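Good morning, colleagues. Please take a moment to look at the model on the screen before I begin.

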Amino acid sequence: MKKLLHRLLFDKADYTLANNLEELIHGSRSQKQLRKLFDPCFHPRGIKELAAPMEIRVITAMLSLLDSHDQTPEALEQRLSALRSLRDEIVDGNPGELRLNAARVLMQIMKELIRERHDPIRQLQLAHDLRTALLAPPRFIRRQLKKYFLLEMPEEWNQISFDDHVHDAGSKGRKTPTHLVMDAWIKGIRQLQVIYYNYVPRYAAEELLRAAEIMGIDLRIGVELTTVYRGRYAEMIWVPRGFSGADDFLGFLDRNEIREFQTLGMAAAEYRKKQLLEVLDDFNRTGLPALNAELEINLPPLRPEEFLASVRYGQPSPEHLSELIAGRAVQALRDRRQTAPPSPDDTGAAKRFAARLNRINGDYIREQYLVTARLEQPPADLSQLPEINRYSRRELIERLRRIATGFRLTLNLSGLKLADVLEILFECDGRITHLELFNLKDHLLEESCDIEAINRLRQALNQGNVIHLKQIIREVIRQLQDSEQPDRDDRIAQLRQMLRELPRLLDFYAHNPLLARLGSDSAGRAGRTHGMGLVVIDSLPAAIRHRLRRETLPVTARVHLCRSYRKRTARTDWGRHLLQLLQCCNLGLHRQDQWVLDDGVAELGAPGNIVSLGGSYQLSPPGSRRWWRRRNRGEFTAYLNSNLKMLLKVMAGLIPAFLSFYLTRSWWVLAYGGAFIWLGITGWRNILQAVLGGGGWKRSSLLKWNDFISWQRVADSLMYTGISVPLLDYVVKTLLLQRGLKVTAEINPIATYTVIALANGAYINWHNLLRGFTRTAIVGNWFRTFFSIPLAIGFSMAFGGILSLAGVVGVAVIVQSWAAVISKLASDCVAGVIEGYADRVKNLSLRRRDYRLKLQILFAGYARLEIMFPEQDVMTMLKSPKALIRSVAAEENHLEKMLIINAVDLLYFWMYQPQARNTLARLMAGMSTEERQILVLSQYVLRREKEISRLFIDGVVGKNFSRPLAFYLDYFAIYLTQLENLNRRLGPPVTY
């Protein structure tokens, strides 16, 4: 049975990918060789495609990112290079309709594939999912989004998604900054605020900001500073502002005054680490014996150096400690289970083991066995605290103002009540700019208190409502009078002082309103709370909005939609005239929608319009060897061998088509061959449109006709078109028109072909919806319906005329028999033109993006040459590649490599990428003569066979250099000749 399932399930490529993953995980040398392809000089669709397949490149990048936790500069560059490579490979290069959503799914699948390295069956499933996701079928992508608790985001990427309180490994989080940014992008977050404790580690800030620039996330860095307020801690989050980019912020951290302040923060971090080691000592004395007794294990005491060594990145925290203890306890449980003698009650023992295993996690250990009171409460003698924690709030704010005049200061409301917030706002003289109005972690743990009352206070301050503000203060005074708090009298005196100074209190926020912050307080750890990310559902696609209405959090953000239009441009005169006519009627304009969040407006209470982007899910148990579960047969069909699946799809279309013709036709040609004719029309149409969309007869000689064809797409088309035969030929043409309405192609050809075409259009739209196509694609297919009607009438008249000229008897009966086939032929002819043109436009768009990136690097390299050799004519140097290489190598080796790789990538484009030649011709037509000359002459570096061969042999693309090197040596001369010919055709020839 298992051998049969081996043949039925998964593809050969899935097994190859899983085996390659094992080699990558256990072979550091293989990883090191493949990491050479992360060099930003390489284009993801350039020469490195010959060095390693895309699946291996992206998995290597993900492995390099996830398995690196060190703080060294080398590890930082490795993670950032891996992230940049992932973005280039699967974000910028994805051609599907759901380009960005497919990229998010791909990244998530790769993460799961690496995590499931110990489960071979799960690895095969994920390898199959990964290869399917690379094709980006919309229905599969949406199914995977739902599977991994990811919301579908608009492809315009204009959603309002954010998180104002997130932690990475630099504080209490689990993920490195690069990992955090990647996960934020996967979730669909566009704005992120990462919080550190006491100070900002420079290495973490650099990695975080550079990673955010790579993924296009608007990122802010905040520092949580702690002061003492009435015998407990109160936290404020300081976020410096006004920086132009990562370098500007890092320069800010290097200033002397901020270094002095950072030193104070580091002292506070050291004090907290000392307290944490005392917590560990308490655990070893009291908590560990209790844990061992409960789980019936024998864990040894945990040494401080072991704990500190386990924190490979950032500051140690209670979360680090509890997770380390939980991990060791789980391992001890498993070891005890394996070494325990067989039990007569094996089922009961297994259940008890599973219950204990599921219960033990970081949250459970922290709540049951760690005594963290010393971390949460200040000591009785405040002189023991570090200097920065002894500052009053006014002193701290004054110190911050001297460091940076522009900053945001957010009051963390955890553990604070309305009276506390009133007093702190008054004490800080309006310097607090935000309140953390909603903290998802506190909300889920039901630790939020007085949030709605605090929001009413915020609204009263922003509105300048004296009456409302006075009522709030008086109500707080009444509550304090009824309380038994020891500092009741002092607090009441403070509040009465506020009543006397109401104008001053209102003036704090008369011009700059007190804004709200909403965050998850996520640390990227499994537990009872959700992950990071919040999104306003108004900014999501309509189908997602309807699904989420019942899952909103009790907070509402006011948003509005800004819609802008800009004129399109055309290359030709007639195109410009046509666009002018359309734009007079407000048509032919490029529309851009942007959602805008009103920061100052936030309301609490259900129903809200914000949902959490975080989620938790359970994967199949590790070590599970089942090939499928009977309760989920869809899983079995999802992982069928692709060739078998395509065969089944074709048969699913062929069988109903054949039966329909066989049972309703008396003429043997249609009875036995009608189904094959019907499916043949669709098959040839798919093949021809793919080949023509990829360049047709103008394609490179290295590209075969079947390189352009997606056989999965052909199989889907054949299945759906075969199912349509009973509908169009029998139900519509025969039952409805011929027998019901007495309408035939001879009596009323217009009505006949119109009804068949409309029925076919409705069917096509139905299965397009079923397959998850976008609204644009579905609407576009309606044009296919209307254009096919006159074409079908023309085909019918031509067919009848040919039969009449041939002297065939009963032409009307024959034409009526073929009416559905004729309508199908007309529909597919129109579809071939429309979809072939769409494929061509898609390929041209991809190549235009590829070439623009490479040309940008090329011209930047030329500018660098002009700067390096100010007294020489660089254009003349380009004509002599030998002298150029010698001069550049003496000055800057990296530039030499960049010039060579750039030229080799352009050679690969020209020879292998669909529509590359047409795209480059169009781009060169829009260049000046000088720019074309730079482009052509820069390719002359390819004539340096010795230097380029040595570069390949030395491992510029890793150890698999034979194919790239052979390709270069075989085709560079042909490429240069064809490029020179193209340049001559476009304008004045370059002097060679």
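I shall go from the whole chain to one pair of helices and then to one pair of strands.

This is a predicted model, in which local features need pLDDT of at least 70, side-chain atom pairs count only at pLDDT 80 or more, and totals for chains, interfaces and linings use all residues. Residues are numbered from 1 along each chain as its sequence is written, and side-chain values use heavy atoms, with hydrogens and water left out.

The protein chain contains 42 helices and 11 strands; these are DSSP runs, helices being H or I of at least four residues and strands E of at least two, numbered from the N terminus. Its C-alpha trace spans about 115 × 80 × 75 Å along the principal axes. Of the 992 residues, 52% are buried, that is, under 20% relative accessible area with a 1.4 Å probe, protein chains only.

Now to helix H7, residues 120-135, and helix H8, residues 138-147: their axes come within 10 Å and cross at roughly 135°. Axes are lines fitted to C-alpha atoms, for helices over the stretch in contact, and angles run from 0 to 180 degrees between N-to-C directions. Arg122, Asp129, Thr132 and Ala133 in H7 meet Phe140, Ile141, Gln144 and Lys147 in H8, where contact means heavy atoms within 4.5 Å.

Finally, the strands. E5, residues 407-411, pairs with E6 in the parallel sense over 2 bridges; pairing requires at least two DSSP bridges. Thr410 has His434 in E6 as its bridge partner. In strand E6, residues 434-439, 6 of the 6 residues are buried, so E6 is largely enclosed by the rest of the structure.

Definitions and conventions
Buried means under 20% relative accessible area, exposed over 50%, partly exposed in between (1.4 Å probe, protein chains only).
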